[in-house]
Amino acid sequence: MINFRKLLSASVLLATLLLSSAATVSTAAAPANTKILRYASQDDPQTLDPHSANLTPTNRVISQVYESLVARDKDFKIIPGLALWWSNPDAKTWRFKLRPNVKFHDGSPFTADDVVFSLERTLHPLSQLKSSVQGVASARKIDDLTVDFVMKEPNPVLLNHLYQFRIMSKIWASKNNALTPQNYKSNEDTFASRNTNGTGPFSVKLRQPDVKTVLVANADWWNNASKEKGNVTQVEMLPIKSNATRMAALLSGEIDFVLDPPQQDVARLKADPNIRIAEGHEARIQYFAFDQFRDELLYSSVKGKNPLRDLRVRQAMGYAIDVNAIRQVVMRGLSTPTGSIVPPGTQGYSKEADKRLPFDREKAKALLTEAGYPTGFSITLDCGANQPPADICQAVAAMLTQIGIRTTPNIVPLANYFSKLQKFDTSFYLLSWGATTFDSFYTLQALLNTNSGEQSSNGDSNYGRYSNPKMDELIGKIKSEFDMKKRDGWIGEALLLNQRDIATLPLHQPVIPWAMRKNIEANFAPNNIAYFFRFKKN
Amino acid sequence: MLAFAIRRLLQSVLVMLAVGFIAFSLFNFTGDPVALMLPPEATQADRDEVRKSLGLDEPSYVQFAIFVKNGLQGNFGISLRLGRPVSQLLIERLPATLELAMTAALLGLLIGIPMGIFTALKRDSWTSKVFLTGSLIGVSLPNFLIGIFLILIFAVWLGWLPSFGRGDVTQIGYWSTGFLTQSGLKALVLPAITLGFYPVTLIMRLVRAEMLEVLRTDYIKFARARGLTNHAVHFGHALKNTLVPVITITGLQLGGLIAFAIITETVFQWPGMGLLFIQAVQFADIPVMAAYLCLIGFIFVSINLMVDMLYYVVDPRLRVDRATLGGH
């Protein structure tokens with residue numbers, strides 16, 4: 001027989017034990033000179049392999065550990081990194097003089113062999129970072145501290161691309177059988193997906209996927225004397241998926257920094273005396289695009305012709321969007337309206353091309369009537385199921401319906417959204433585009449060049465299949481023009497053409513808030529990556 | 001008994017295959033993992049290459065056949081999100097989920113049974129009424145809401161307990177336990193209460209109802225007539241006979257706790273299998289989703305099997321019935 005009185009008292013005892021042990025724990029005091037930054041965001045890095053996945057959560061860790069030949073300063077200007085200087089001895093060659101006395105985290109010296117090896121690893125078929133060495137065919141070691149890049153096609157803005165090119169130790173990689181990026185099909189996990197060996201300001205001390213990644217400051221970093229250097233000696237990168245929990249952890253002081261506070265909480269956080277918000281513009285544009293290819297739209301009431309091929313209809317849509325209402329209501333102030341498909345600060349950005357059609361409903365209706373749609377028509381607007389795009393689509397659908405274009409928003413889970421667009425299975429869609437290289441060429445080529453199928457990257461993400469020979473010609477010129485002044489001129493022309501043709505309809509540039517405890521000082525970076533070496537904890 | 005066990009076992013295998021197949025077919029609608037593995041700025045050539053390297057260019061029935069064949073050998077492929085073998089990931093996450101589910105189940109038993117007895121014996125006391133009303137809240141409030149309330153009170157306002165994570169864990173062989181460190185125990189409190197809320201109320205109500213039922217039966221009256229003490233009647237006779245349904249429900253609940261820890265794990269960023277699954281769904285990480293659903297199916301099937309066997313042992317009537325049936 002079971003004695004229930006005993007059981008009862010035992011359970012009470014257990015409960016008290018649990019609670020009392022819990023209540024008496026105090027956090028262990030760290031030595032005075034260690035400054036630990038506890039950082040949280042909703043995503044965990046997928047892999048630590050610097051050449052395997054080109055995903056932002058991964059880049060957020062990799063950028064602390066691995067470095068490139070070039071670096072960017074606080075204002076995102078290109079400065080020397082692992083290369084001291086560079087030159088173009090001829091049109092097909094870039095020469096890099098490497099920084100001497102740089103050591104990898106394991107103590108091995110950094111030489112030209114590592115650069116040549118890293119280039120080969122980046123160009124490997126399994127690598128997703130080939131765009132970081134756009135146009136480069138191979139590398140040649142000249143001496144221990146000199147490397148030549150041989151180009152297969154010209155790239156006037158190679159340095160902008162190279163910022164993402166990460167250098168890994170050759171000796172380490174061959175010792176640990178990690179000479180190629182991760183291969184998913186072989187059912188093996190490579191050593192380099194869980195371990196790192198770079199030259200950067202931090203090294204990875206502990207990696208527990210979905211739990212935490214611990215970074216420690218590299219005491220032998222070549223750039224430790226940098227003026228931009230903060231004082232953080234250790235970083236705990238914690239993924240916290242649930243928005244409410246992440247904010248609770250920040251408010252309770254369990255973490256110091258949140259990369260992605262939910263938009264609706266930002267106003268409240270600003271009122272909290274213990275919290276600081278750092279805001280900045282992300283180098284990204286949210287824009288609409290149209291099926292301008294088909295003779296009849298897939299998702300519209302208009303049969304026998306494509307209303308979106310009529311410039312007046314696209315203009316009407318531009319006039320119908322009240323971008324300030326979107327900014328205030330949907331974005332809660334966290335956006336800057338734009339007329340340009342590249343954000344300010346991008347190489348080639350032109351103020352002249354950054355003009356929006358004003359919000360004018362009457363004008364919009366008049367244009368529709370002129371185009372032959374006095375009673376309007378119906379259409380489906382596709383957008384991804386993440387926030388804020390889903391809310392933007394709802395708002396814009398209502399605005400377009402008011403001028404007679406009866407718009408139905410179709411909100412698609414992200415995992416399906418891109419494959420839908422890649423099949424051109426859309427009439428009208430909202431997307432965002434990051435200026436990852438901080439140069440206009442990549443954006444123009446991917447979004448506005450005529451889609452040339454699978455053979456080249458021209459018009460790769462031009463899912464509306466806009467096509468204008470004049471645009472293609474300009475993009476071709478920009479691609480190989482080394483005279484920056486001339487090149488900026490071509491870019492400006494292309495941007496103006498986009499505006500005139502309404503090839504795409506840019507909406508706004510998002511403002512990203514970072515939330516942190518008052519004792520943290522952080523600089524916003526336009527690629528939305530927190531560079532921990534610049535962080536200060538008081 | 002043996003025939004019974006073998007029959008149940010065969011049924012279980014069929015159930016497992018069905019679970020696997022349905023799960024796998026569903027995954028074809030969760031989306032294209034390649035789209036999420038690459039940034040929107042990637043080129044078409046990049047996409048094709050990755051798709052091919054993942055074997056996603058094969059038709060889905062071929063993918064399923066390969067999955068079953070490899071799964072039988074314990075190889076569930078590589079997680080597309082984390083790039084590591086799925087079986088290894090599940091083994092790593094299993095202890096966290098099991099410790100949480102077991103603690104919640106234990107809470108259910110240790111608090112639910114005494115509360116059930118109390119409310120059955122002292123039906124009219126105000127404490128019983130408070131318990132019963134409280135249990136209604138436990139049954140009706142969604143899990144994540146309880147979790148967020150607890151976080152707000154104990155982490156944000158009072159600052160006593162952590163709002164997320166599992167604290168420091170100690171590695172014992174393959175098993176990582178949070179029971180041996182203070183921060184581990186501290187981190188366990190809120191998630192275990194959140195997850196245990198429902199079983200506590202369920203078991204309490206079950207024990208109460210069964211107990212009331214039993215207290216009305218003739219043998220209890222006879223026991224009283226024999227002059228036994230209240231204590232002997234209540235705990236020796238009445239409670240013992242209420243436990244049969246409690247065993248079934250607790251068993252099934254344990255399966256449920258492991259499977260539905262997903263929500264609690266997400267709220268508390270508890271690094272268990274549920275969190276792994278949720279993130280796999282968002283990433284369309286097919287190998288992880290398939291392996292997880294098969295594992296959960298397996299846990300349910302084996303718990304059911306065990307409960308059936310236990311029934312057989314606990315309830316002598318089942319044995320008698322079967323014996324007489326067999327005799328005819």
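This section describes the predicted model of a complex of chains A and B, beginning with confidence and proceeding to the architecture of each chain.

The model is a prediction, and its overall scores are an ipTM of 0.78 and a pTM of 0.81. Chain A has an average pLDDT of 88, with 92% of its residues scoring at least 70. For chain B, the mean pLDDT is 82, and 90% of the residues reach 70 or more. Within chain A, confidence is highest in strand S11 (residues 257–258), at 96, and lowest in helix H1 (residues 4–24), at a mean of 44. Two segments of chain A have pLDDT values that stay under 50. In residues 1–5 of chain A, the model has 4 contacts beyond four places in sequence; in residues 10–30 of chain A, the corresponding number is 16. Where pLDDT is low, predicted coordinates should not be read in detail.

Chain A comprises 15 helices and 20 strands. Its C-alpha atoms fill a box of roughly 80 × 75 × 50 Å along the principal axes. The radius of gyration of chain A is 26 Å, which agrees with the value near 24 Å for a compact globule because the chain has 538 residues. Buried residues account for 50% of the 538 residues of chain A. Among contacts in chain A with a separation of 6 or more, 69% are between residues 24 or more positions apart.

One element of chain A is an open sheet of 4 strands in the order S4-S5-S7-S6, with antiparallel pairing. Strand S4 (83–90) and strand S6 (136–143) of chain A form the edges, each pairing on one side only. From one strand to the next, the twist averages 25°. Inside this sheet, strand S5 (residues 93–98) and strand S7 (residues 146–151) of chain A run antiparallel and are joined by 5 bridges. At this pairing, Phe96(A) stands opposite Val147(A) in S7(A). Helix H3 (residues 112–123) of chain A packs on the sheet and touches S5, S6 and S7 of chain A. The direction of helix H3 of chain A makes about 170° with that of S6(A).

A parallel arrangement is found elsewhere in chain A, where 8 bridges join strand S15 (residues 377–384) to strand S16 (residues 405–412). Here Ile379(A) stands opposite Thr407(A) in S16(A). The connection from S15(A) to S16(A) passes through helix H11 (residues 389–402) of chain A, and the resulting β-α-β crossover is right-handed.

Strand S17 (residues 428–434) of chain A is mostly covered, with 6 of its 7 residues buried. S17(A) runs antiparallel to strand S13 (residues 284–290) of chain A, to which 7 bridges join it. One position in this pairing is Ala289(A), whose bridge partner in S17(A) is Tyr429(A).

A further position in chain A illustrates contacts between residues distant in sequence. Ala515(A) lies in strand S18 (residues 504–517) of chain A. Ala515(A) counts as buried because it has 27 C-beta neighbours inside 10 Å, the threshold for burial being 20 or more. Beyond its neighbours within four places in sequence, Ala515(A) is in contact with Leu250(A), Val258(A), Pro261(A), Leu269(A), Ile275(A) and Ile277(A). For Pro261(A), the separation from Ala515(A) is 254 residues in sequence and 6.5 Å in space, C-alpha to C-alpha.

Chain B contains 13 helices and 2 strands. Along the principal axes, the C-alpha atoms of chain B fill a box of roughly 85 × 65 × 35 Å. Of the 328 residues in chain B, 42% are buried. Residues at least 24 apart contribute 70% of the contacts in chain B between residues at least 6 apart in sequence.

Within chain B, Val68(B) is part of helix H4 (residues 60–72). Val68(B) counts as partly exposed because it has 14 C-beta neighbours inside 10 Å, a number that falls between the limit of 12 or fewer for exposed residues and that of 20 or more for buried ones. Val68(B) and Ile113(B) are 45 residues apart in sequence, and their C-alpha atoms are 42 Å apart in space.

How values were computed
Residues numbered from 1 in each chain as written. Chains lettered and ligands numbered in written order. Predicted model: local features only at pLDDT ≥ 70, side-chain atom pairs only at ≥ 80, totals over all residues. Rg over C-alpha atoms; globule rule 2.2 N^0.38 Å. Contact = placed C-beta atoms within 7 Å. pLDDT = per-residue confidence, 0-100. Pairing = 2+ DSSP bridges. Axes fitted to C-alpha atoms, helices over the stretch in contact; angles between N-to-C directions. Right-handed = clockwise from strand over helix to strand, strands pointing away.
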